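Work through the exercises below with the structure open beside you. Try each task before reading its solution.

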Amino acid sequence: MQSFPIQHLLYLHGFRSSPQSMKARKVADWVRLNRPDLEWWCPQLPPSPKEAMQRVADRIADWPRDRMAVIGSSLGGFYASVVAEHMQCPAVLLNPAVEPARDLAKFIGETTAWHSDEKFFFREEFVDELRGLRPEKITRPDRYFAIIAKGDEVLDWREMSSRYEGCRIKLLEGGDHALSDFDDHWPEIACFLSLTSE
């Protein structure tokens, strides 16, 4: 059986999202069919950024840094950068949030999840938690691959591109925040993360 360098894969969903998101399910299905040997984890993240990152840190504490990778979408892309800087592992960022403390301040209060009718509170202190988590800089740009859509209706592609300057960036002329054409990009993602032999 072929041995691959990456044996642990973490997927972090975006704000109000879940492991039921389109992209998370597609990656989970691919792993099940193509890399059943891979330790795959896509947790439901709590609203508190500090709690979310602590939950992730606790679970991946024993993962070998040279054999793990992380994928993150939107707010999950911000979290993935936090993880990548801490663990010094490869990261793929899908329309990553750059300034979530600023952008999510308008959601303070009760809000609902995308994939259920579940309500949750986004508290004012969560904004401060996001501010405290933001990595000062990207220390190893070669570890990052960002897919950024100019057609993103939620986040500014210029801001995303600037934040990840020097990293590998796939800049899409159109597209949307959800990356509805995710299937088109997956082979490149899998190759970057050495999940396949091709």
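**Exercise 1. Register across two strands**

Task: Find which residue of β8 stands opposite Ile 147, and which stands opposite Ala 146.

Solution. This is a predicted model. Start at Ile 147: Lys 170 in β8 stands opposite. Next take Ala 146, which stands opposite Ile 169 in β8. Now count the bridges: five join β7 to β8, and the two strands run parallel.

Turn to the β4 side. Leu 93 has Ala 146 of β7 as its bridge partner. Leu 94 has Ile 147 of β7 as its bridge partner. Four bridges join β4 to β7, and this pair also runs parallel.

**Exercise 2. The whole sheet**

Task: Give the strand order of the open sheet and name the edge strands.

Solution. Six strands form the sheet, in the order β2-β1-β3-β4-β7-β8. The pairing is parallel. β2 and β8 are the edges, since each pairs on one side only. Neighbouring strands are turned by 10° against each other on average, direction ignored.

Add a helix to the picture. α1 lies across β1, β2, β3 and β4. α1 runs at about 165° to β1.

Then follow the chain from β7 to β8. β7, helix α6 (residues 157-163) and β8 make a β-α-β unit. What is the hand of this unit? The β7, α6, β8 unit is right-handed.

**Exercise 3. The environment of β7**

Task: Decide how far β7 is enclosed, and sort its side chains by direction.

Solution. Begin with burial. Six of the six residues of β7 are buried, so this strand is largely enclosed by the rest of the structure. Then sort by direction. Tyr 144, Ala 146 and Ile 148 point one way. Phe 145, Ile 147 and Ala 149 point the other way. Both sets are buried.

**Exercise 4. The two faces of α7**

Task: Identify the buried residues of helix α7 (residues 182-192) and say what covers them.

Solution. First list the buried residues: Phe 182, His 185, Trp 186, Ile 189, Ala 190 and Phe 192. Seen down the axis of α7, these residues fall within an arc of 145°, so they line one face of the helix. The face turned away from the buried side carries the exposed residues Asp 184 and Pro 187.

Next look for the cover. It includes α1 (22-34), β3 (68-73), β4 (91-94), β7 (144-149) and β8 (168-172). Last, check the backbone beyond the helix. Just after α7, Ser 194 takes a positive phi of about 55°.

**Exercise 5. Two residues compared with the cut-offs**

Task: Classify Trp 40 and Ser 161 as buried, partly exposed or exposed.

Solution. Buried means under 20% relative accessible area, and exposed means over 50%. Trp 40 has a relative accessible area of 23%, so Trp 40 is partly exposed. Ser 161 has a relative accessible area of 16%, so Ser 161 is buried.

Place each residue. Trp 40 is in strand β2 (residues 39-41). Ser 161 is in helix α6.

Now list contacts, leaving out residues up to four places away in sequence. Trp 40 touches Leu 9, Tyr 11, Ala 24, Val 27, Ala 28 and Val 31. Ser 161 touches Ile 148, Ile 169 and Leu 171.

Finish with C-alpha distances. Trp 40 and Val 27 are 13 residues apart in sequence and 9.4 Å apart in space. Ser 161 and Asp 128 are 33 residues apart along the chain, and their C-alpha atoms are separated by 24 Å.

**Exercise 6. A helix pair**

Task: Describe how α2 and α5 cross, and name the residues that make the contact.

Solution. Take the axes of helix α2 (residues 49-60) and helix α5 (residues 124-133). They come within 8 Å and cross at roughly 50°. The two helices are therefore oblique to each other. On α2, the contact is made by Pro 49, Lys 50 and Met 53. On α5, Phe 126, Glu 129, Leu 130 and Leu 133 take part.

Definitions and conventions
Residues are numbered from 1 along each chain as its sequence is written. This is a predicted model: local features need pLDDT of at least 70, side-chain atom pairs count only at pLDDT 80 or more; totals for chains, interfaces and linings use all residues. Side-chain values use heavy atoms; hydrogens and water are left out. Buried means under 20% relative accessible area, exposed over 50%, partly exposed in between (1.4 Å probe, protein chains only). The arc is that of the directions from the helix axis to the C-beta atoms. Contact means heavy atoms within 4.5 Å. Two strands pair if DSSP finds at least two bridges between them. A crossover is right-handed if, with the strands pointing away from the viewer, the path from the first strand over the helix to the second runs clockwise. Axes are lines fitted to C-alpha atoms, for helices over the stretch in contact, and angles run from 0 to 180 degrees between N-to-C directions. Angles under 35 degrees count as roughly parallel, over 145 as roughly antiparallel, 65 to 115 as roughly perpendicular and the rest as oblique.
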